[in-house]
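Colleague: Please take one part of this model and go through it closely. I would like to know what packs around it, and then how the rest of the interior and the charged pairs are laid out.

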Amino acid sequence: MADLNLLLLLLLVIPISLLALLILIVRPRPVKIPIKNRHVFITGGSSGIGLALAIRAASEGARVSILARSLDKLEEAKHFIRLSTGVDVAIFAADVRDFDSVTKAVVEAGPIDVLVVNQGVFLPQELEKQELDEVRFMIDVNLMGSFNMIKAALPGMKIRDERRPASIALMSSQAGQVGIYGYTAYSASKFGLRGLAEALQQEVIADNIHVSLIFPPDTDTPALAEENKRRPQLTSIIAASSGAMKADEVAKKALDGIKSGSFVVPCNFEGALLSIATAGLSPQRSFLMAFIEVVAASMIRLLALCFQWNWYGSIEKWHAQKKQK
């Protein structure tokens, strides 16, 4: 009986002690980032997740600016947002690959409180078959475009008049957490955002600017339908277990994550597991999530190895069947 009581005491004391330690050491500290009456600037805002984010932010009382390449699509998006929310948004036509162009747009828009770097292109194909021009295009838009936008916005964000917490949110992808067959260039561009976000958070924390890294799965947009037409067969087989979300669902998860100052923002259950599996040295503001990451790390790693076993089994089976034809 005494041994049982000691065991029960340990089972109670150890988790409480761990949680107390995490409350002491977790950095950066928890923060809330207000949206109402603040300037939210969204790239890739004329369609898909960006448009859904613009609608949500506008409906919550934010002053919204959206940027995209096509002025015609921006005008359509502006009209749609007005019909949906009764709010007018500012529009800026610019290519994120052109630093001078985005700097001009940012200066015209005025100091930004919440920057959502959402633009992205996705052209799935095996590296051996893919033209290097397509590889450069994805890296230029997804990664270098993010550098351009952040560098253009940071001076104004650092000298903003009111010192309430500000945010820079980067739209990555679950393909920025785990590499998948046929996503070599895309995953490289999205994995790069993680290094950018982790280092940037250290650089801007003293200015009360908080970085969020959002990891949506496949999202049901017109762009996804086009991407699926050129997906390698093996990619579709491996990715079959991950369902697509609606753009509005992703936008809600993303905006909630931004407002809570979360560094990693998963959008579904699979994304939450991936976030635990890939936590590494990333910042973590939530004491509870830090506790879950520590406790669940070994089991999630085992689960990850099971997924890899399944994926490589699919690859072997596919190649074996191809040889038989």
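Modeller: The cover over the buried residues of helix α10 includes strand β9 (264-266) and helix α11 (287-324). This is a predicted model, and the description should be read that way. Helix α10 itself spans residues 269-277, and its buried residues are G271, L274, S275 and I276.

Helix α11 also belongs to the largest nonpolar core, where it is one of the elements that each supply at least two residues. The others are α4 (99-109), β4 (114-117), α5, β5 (166-171), α6 (184-204), β6 (209-215) and α8 (233-238). This core has 49 residues, and L115 and I150 touch the most other members. Helix α5 gives the largest share, 10 residues. Leaving aside residues up to four places away in sequence, I150 is in contact with L115, V117, I168, L170, L196 and L200. Another core, of 36 residues, lies apart from the largest one, and A58, A62, A77 and I258 are among its members.

Turning to charge, there are 14 salt bridges in the structure. One of them pairs R56 with D248, with the closest N and O atoms 3.2 Å apart. This pair joins distant parts of the chain: R56 sits in helix α2 (residues 48-59) and D248 in helix α9 (residues 247-259), 192 residues away. R56 has 21% relative accessibility, so it counts as partly exposed, the cut-off for buried being under 20%. D248 is also partly exposed, because its relative accessible area is 40%.

A second pair is R82 and D88, whose closest N and O atoms are 2.7 Å apart. R82 is partly exposed at 35% relative accessibility, and D88 is partly exposed at 48%.

Helix α5, which supplies core residues, also carries a salt bridge between D133 and R136, with 3.2 Å between the closest N and O atoms. The two are three residues apart in this helix (residues 132-158), so about one helical turn separates them. D133 is exposed, with a relative accessible area of 59%, whereas R136 is partly exposed at 48%. Elsewhere, salt bridges with shared partners connect E60, K252, D256 and K259 into one network.

Note on methods:
Residues numbered from 1 in each chain as written. Predicted model: local features only at pLDDT ≥ 70, side-chain atom pairs only at ≥ 80, totals over all residues. Heavy atoms only, no water. Salt bridge = Lys/Arg side-chain N within 4 Å of Asp/Glu carboxyl O. Helix = DSSP H or I, 4+ residues; strand = E, 2+ residues; numbered from the N terminus. Buried < 20%, exposed > 50% of the residue type's maximum accessible area, 1.4 Å probe, protein only. Contact = heavy atoms within 4.5 Å. Core = buried A, V, L, I, M, F, W, Y, C linked by side-chain atoms within 4.5 Å.
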